[in-house]
Amino acid sequence: LIKQTITKSLIIYIHREDTDRLRSAINQIAHVRICRNQKTAECRADEDNLVQIIQQSGVSPFNEIGRGAVELLSCPTYDAIEDNAPNLLFLHYRKVDKLIHLLSKHHCPSIDHTIWRKNEASNKQSISVKQSKKNNETVVTLNDWLDAKIDL
């Protein structure tokens, strides 16, 4: 893409810090694979099952788990940027709404840009993780579980 870009093109790379992206991907996978069939306000995941699902998801090329900016932003990519000098914008994913507003204001002023933003995660049930060690069971929130496990 970088090598074939014409001079009036703009490439926009939307960046998200990998740990934050990974946490979000695990949360999404847990909702889809575990919570979908649980019709309660809180979804409870067994830790061993959750770990197995995360490991299986990391193998899939269509999943955020196991992939990240490391594959895309490699030395050959930076070499292509240096060699071809494209118009390139790196943007944090939380700034996308501002970019959309700016673009729509100048190129599509009749469109209501507020309709483009929809946070699907705001309506999801909370997830807790059941940890079983010997004869002891504890239940923690998925966020607390991720805080404890994310750097392993």
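Reader: Happy to look at this one with you! How many aromatic pairs does a search of the whole structure find?

Author: Keep in mind that this is a predicted model. Searching the whole structure for aromatic pairs gives a count of one.

Reader: How are the rings of Tyr13 and Phe90 set against each other: stacked, edge-to-face or tilted?

Author: A pair of aromatic rings is described by the distance of the centres and the angle of the planes. Here the centres of the Tyr13 and Phe90 rings are 5.2 Å apart and the planes stand at 50 degrees. Planes under 30 degrees apart would count as stacked and those over 60 as edge-to-face, so the pair of Tyr13 and Phe90 is tilted.

Reader: Which strands hold Tyr13 and Phe90, and how many residues apart in sequence are the parts that the pair ties together?

Author: Tyr13 belongs to strand β1 (residues 11-15), while Phe90 belongs to strand β3 (residues 88-92). The pair therefore ties together parts of the chain whose separation in sequence is 77 residues.

Reader: Is Phe90 buried, partly exposed or exposed?

Author: Let's take its partner as well: Tyr13 has a relative accessible area of 16% and is buried. Phe90 has a relative accessible area of 41%. Buried needs a value under 20% and exposed one over 50%, so Phe90 is partly exposed.

Reader: Good, on to the cysteines. Which residue does the disulfide join to Cys35?

Author: A disulfide is a covalent bond between the sulfur atoms of two cysteines. The count in this model is one disulfide. With S to S at 2.0 Å, Cys35 is joined to Cys43.

Reader: Is the link of Cys35 and Cys43 left-handed or right-handed?

Author: Both ends are buried, Cys35 at 1% relative accessibility and Cys43 at 0%. The angle about the S-S bond is -90 degrees, and the link of Cys35 and Cys43 is left-handed.

Reader: And Cys75, is that residue buried or exposed?

Author: The relative accessibility of Cys75 is 60%. Since the exposed class begins over 50%, Cys75 counts as exposed.

Reader: Now the interior. Which element gives the largest share of the largest nonpolar core?

Author: In soluble globular proteins, nonpolar side chains tend to be buried together. The largest nonpolar core in this model has 18 residues, and those with the most contacts inside it are Ile34, Leu50, Leu142 and Trp145. Two or more residues each come from α1 (18-35), β2 (42-46), α2 (47-59), β4 (126-133) and α6 (142-149). The largest share, six residues, is given by α1.

Reader: Which residues does Ile34 contact, leaving aside neighbours within four places in sequence?

Author: Ile34 is one of the residues with the most contacts inside the core. Beyond those sequence neighbours, its contacts are Ile29, Cys43, Arg44, Ala45, Asn49, Leu50 and Ile53.

Reader: In what order do the three strands of the open sheet lie?

Author: Strands of a sheet pair through backbone hydrogen bonds, either parallel or antiparallel. β2 and β4 pair in the parallel sense over five bridges, whereas β4 and β5 (residues 136-141) are antiparallel over six bridges. The pairing is thus mixed, and the order is β2-β4-β5.

Reader: Which residue in the turn of the β4 and β5 hairpin has a positive phi?

Author: Two residues lie between β4 and β5 in this hairpin. With a positive phi of about 55 degrees, the turn residue is Lys134.

Reader: What is the bridge partner of Val129 in β5?

Author: Val129 has its place in strand β4, and at 0% relative accessibility Val129 is buried. Among the residues that Val129 touches are Leu50, Leu142 and Trp145. In β5, the bridge partner of Val129 is Val140.

Reader: What angle does the direction of α6 make with that of β5?

Author: Neighbouring strands of the sheet are turned by 25 degrees against each other on average, direction ignored. α6 packs on this sheet and touches β4 and β5. Its direction and that of β5 make an angle of about 100 degrees.

Reader: One more, please: how far apart in space are His31 and Ser126, C-alpha to C-alpha?

Author: His31 is found in helix α1 and is buried at 10% relative accessibility. Among the residues His31 touches are Lys124, Gln125 and Ile127. In sequence His31 and Ser126 are 95 residues apart, and in space their C-alpha to C-alpha distance is 9.1 Å.

Definitions and conventions
Residues are numbered from 1 along each chain as its sequence is written. This is a predicted model: local features need pLDDT of at least 70, side-chain atom pairs count only at pLDDT 80 or more; totals for chains, interfaces and linings use all residues. Side-chain values use heavy atoms; hydrogens and water are left out. A nonpolar core is a set of buried Ala, Val, Leu, Ile, Met, Phe, Trp, Tyr and Cys residues joined through side-chain atoms within 4.5 Å. Buried means under 20% relative accessible area, exposed over 50%, partly exposed in between (1.4 Å probe, protein chains only). Helices (H or I, at least four residues) and strands (E, at least two) are DSSP runs, numbered from the N terminus. Contact means heavy atoms within 4.5 Å. Rings of Phe, Tyr and Trp (its six-membered ring) pair if their centres lie within 6.5 Å; planes under 30 degrees apart count as stacked, over 60 as edge-to-face and the rest as tilted. A disulfide is a pair of cysteine sulfur atoms within 2.5 Å. Two strands pair if DSSP finds at least two bridges between them. Axes are lines fitted to C-alpha atoms, for helices over the stretch in contact, and angles run from 0 to 180 degrees between N-to-C directions.
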